[in-house]
Amino acid sequence: MSSGAPQPINRLAQRERALDAEPGSAPAPAADPWRLIQRRRDPQHDARDETLFALANGALGVRGGFEESPSPTQGSFLAGVWERAPIHHHERHHGFARNTDTRVPVADATAIRIRLGDAHVDPAHGEILAFERALDFRQGRLSRSLRWRSARGETFAITAERIVPIAHPGLLCIRFHLRSLDYSGPIALESSIVGDRQAAAQGDDPRIGAGTGLDMSTSHTAADESGAWLAQHTRASAIGVVCTQRHRVQGAQFAGASADTHSASQTYAGEIRAGGEITLEKFVAYAWTQPGATGSAEDLHAAASATLDAATAAGFDKLAQAQAGEFAAFWRDAAISINSRDADQGKADEQALHFSLFHIFQSVGRDGRNGIAAKGLTGEGYEGHAFWDSETFVLPALAFTAPELMQPSLIWRFRALDRARAHAREMGHARGALYPWRTIEGDECSAHYPSGSAQYHINAAVAFAIKLYVEASDDRAFLAGVGVEMLIETARIWLQIGHFNARRGGAFCIDAVTGPDEYTALIDNNYYTNRMAQEHLRYMLTATRELESTAPAVYAALAAKLGFDKTELAAFARAADAMYLPFDARLGIVAQDDTFLDKAVWDFAGTPPEKYPLLMHHHPLTLYRYQVCKQADALLALVLAGDNLDRATKRRSFDYYEKITVHDSTLSASTFAILAAEVGHADQALRFFHETLRVDLDDLHANANHGAHMAAMGGSWLAFAWGFGGLRVHAGRLGFDPILPSAWHDYRFCIVWQGRRLTITVDAQAAHYLLAEGAPLDIAHAGERLTLVCGTAQTRALTNHAPAFPGRFKALIFDLDGVIADTAHLHQAAWKRLAGELGLPWDDGIGEKLKGVDRAASLEIVLGAAASKYTNAQKQELADRKNGYYRAAIATFSADDLLPGAHAALLAARAAGLKIALASASRSAGELVERLGVAQLFDHIVDSATIARAKPDPEIFQRAAAALGVNPAACIGIEDAQAGVAAIKAAGMTALGIGDARILVAADAVLPDLQQFNLKDFVVPQ
């Protein structure tokens, strides 16, 4: 592994090359923004396509397999049905998770098999003459058409439609239409419920899970003319399920029923002639119990039958119409459009965004009893577990499109609060609640604590989602009823895993945790964890004070219940204010943790594409030893809680972590897209946007067959609205700071906020804000406050986020002291000697103030309050005395005293044909560069003897530019002092700081020294 400087990598390009090498690897994006269309069946990728075309309603999920063709990966899932199995630890330590829960497939009732005479026929084994499968995002419907020829030469056409109604949690509806084109004879459709599916095998992929072989136990099957049903139960979790079916049929008659130990079927048969048709409307209803109460099969059957009574009475068309209404209401509030310079690409982008929002909308739970699993209800990846990413990526997308759908997921977390309290005790915490890393019912299911239970930031994620929900919905009743209790109990954990560190000046430090980047584990002061904990604590305090003010009786009852008082609240406040946020002054970036930047850098050049993702090819300890990120969690903190840092620091941080992040996590690209847009890297933002947008559509991580990536889908919308739209919430107020990618003409998105509906349109000239519905609303555009009134648009020009570098610059203007040579310490030594002779105080702060300041102004700083005691003549004598000390010190200077990188930087600029000037406050600048041996590399020298006003006045840099004959806007000024940077910016130039980024905050970029200077990073070749 290399320990050299990080080199940029492009994991997206590597994945694209790999996909190009695999013909037919994914459905080609159709030029239809509202439908995902597949016109060629690809049997090698049936499992992936079953994921893409899955339907769900938050309770029931049904993969998109074909009714007439068996598939080992076709499955149906209920969010509330799971099984428990022991975790076998060979070394079981205190607090280790003892069990894991796995969402197991329930009986699947999609099967409608075709029989010609006595023989079953499967179109998959015939000749496909025409094929189309379409997922309609506006209708919430899956449809398919197929024309095929059997091995015996008969030709048929099939059309199939499927919905999983949002309004009916346990209901599946199928309309299956078979037409004979040239066959005459006996035909039958056999409609079945099949209940013998096991959980998917794990193999070597940890992204599937450990629930291999778990299944439902079938206890009862029955079928007759009125219907068929199958009863199941789990063994350990004691959940009972009944699946029952009923039909409306045209063109055939009931011909019999059968049931065995794992299935129940009904058959409809008849004679068909060429041109004849059979239509079967199939209605399937599930009923299930809560864990621990399997219930009687008869009671569940009665509940499911009641659902079927209503469904069959309504019929497929009426249910489909209601389903379309559910989606129409959603799309009214979540409308988006992209007008790209490449029209087909724009439509493909719209399609992918609609696809993402469609899957989120249909997968989110609505009953408050289930979380949002990492794969939704589309597959078996991660065993059906919910993680922190539901609160961090999925719920934030809903906050602005359907905020009412956030509440059930948060209620699910509240229902699990007692289990979180129990988990906290397992982890050794005497008070508070700790939500588990991965869970279904509320218990920790992670067997690998370094990358699982150690991710304490899950508590902050829940707090983040509570805050965003309350801001978006203004649901104060939720906050008072359950929100504050969750916030306080989860906040208590921070004070138990953190401490006030005397060695860091009393800063509050959090030790031995793992952040979102799972390639780094069990570290101290993870930036993301600390920053999100700080936000958690501050919001908890705000919410608690609000409760005390608005509902004192509720506050008093909660204080009594939880046992908190003003002393504990004060401790929370002190921890938040003293939170340690690691920062690397040399690089001017946030540090991922205390030790990350000290590690060797991963050998990216030596790692071939087939060795990604790294977690599949390397032991975790190997990954922990290097600077390599699965996802850069420090950057995620800048996205979720970045208002404490300036844009330049964010840009430097982005540039650094982008080079060492491999994006093996599907969560990563959206974070990079959002931050790239914020810091002005528009092209990179668009590239990362496309990666998160097409994670599943292009199967970029080669695991879409396990289920769709809900967080990446949420991240797609966030990359669009938070990234390009610049959407943020500050102190409860909406803010925008949009950019327009060069590949787009314009774009538009709608959001809902506190009962209002807004439309934001961005084109090349401006951002246009329209309040389409609701009371007046204050928002911000690039920091400017606007008041929106319903029906009246407000328009504001776009701000320029583009980074200053690299640019088409023509000249470099260098400061001397601290940039070319380290003479600042000689100046300080001379001034310090003079101060000592005069009996004046001295400290390092005085020395810092002298940087970049001319001799007369420096003397005033040194004399301080005593300056008035000296005449002008005496001051001149003192200045000359100091200068004598300084000149004596530089008399021995030579080329050996050039600062590292200075000579190379000057030579590179000269070789590139740039003009070069020196702008120094030192009157000895000309003599000094002669001694240093670089005088011939400067086209002009300006020192304090030739100007009237010292830095931070821009005069010295303006004179240098004029002498070079270059417009100031085409110059880079290079300085190590705040006064010098201020002078550069005032002169209309771009500033490159040399030194400490925390001090040189006004610079456009900061390097620790010129040794890190690479001309091509700053100047575009002429």
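Biologist: Which order do the strands take in the open sheet of 5 strands?

Modeller: The order is 8-7-13-18-17, with antiparallel pairing. Strand 8 (119–121) and strand 17 (253–259) stand at the edges; each has a single partner strand, so one side of each is left without a neighbour in the sheet. From one strand to the next, the twist averages 30°. That angle is taken between axes, lines fitted to C-alpha atoms, in N-to-C directions, on a scale from 0 to 180 degrees. This is a predicted model: local features need pLDDT of at least 70, and side-chain atom pairs count only at pLDDT 80 or more, while totals for chains, interfaces and linings use all residues. Residues are numbered from 1 along each chain as its sequence is written, and side-chain values use heavy atoms, with hydrogens and water left out.

Biologist: What makes residues 112–116 and residues 185–194 paired strands?

Modeller: Strands are DSSP runs of E, at least two residues, numbered from the N terminus. Two of them pair if DSSP finds at least two bridges between them. Strand 7 and strand 13 are joined by 5 bridges, so they pair. They run antiparallel. Ile114 has Leu189 in strand 13 as its bridge partner.

Biologist: Which strands stand at the edges of the open sheet with the order 27-28-32-33?

Modeller: That sheet has 4 strands and mixed pairing. Strand 27 (728–730) and strand 33 (784–788) are at its edges, each with a single partner strand, so each has one side without a neighbour in the sheet. Here the twist averages 35° from one strand to the next.

Biologist: How do you know that strand 32 pairs with strand 33?

Modeller: Strand 32 (residues 777–781) is joined to strand 33 by 5 bridges, and pairing asks for at least two, so they pair. The two run antiparallel. Leu777 has Leu788 in strand 33 as its bridge partner.
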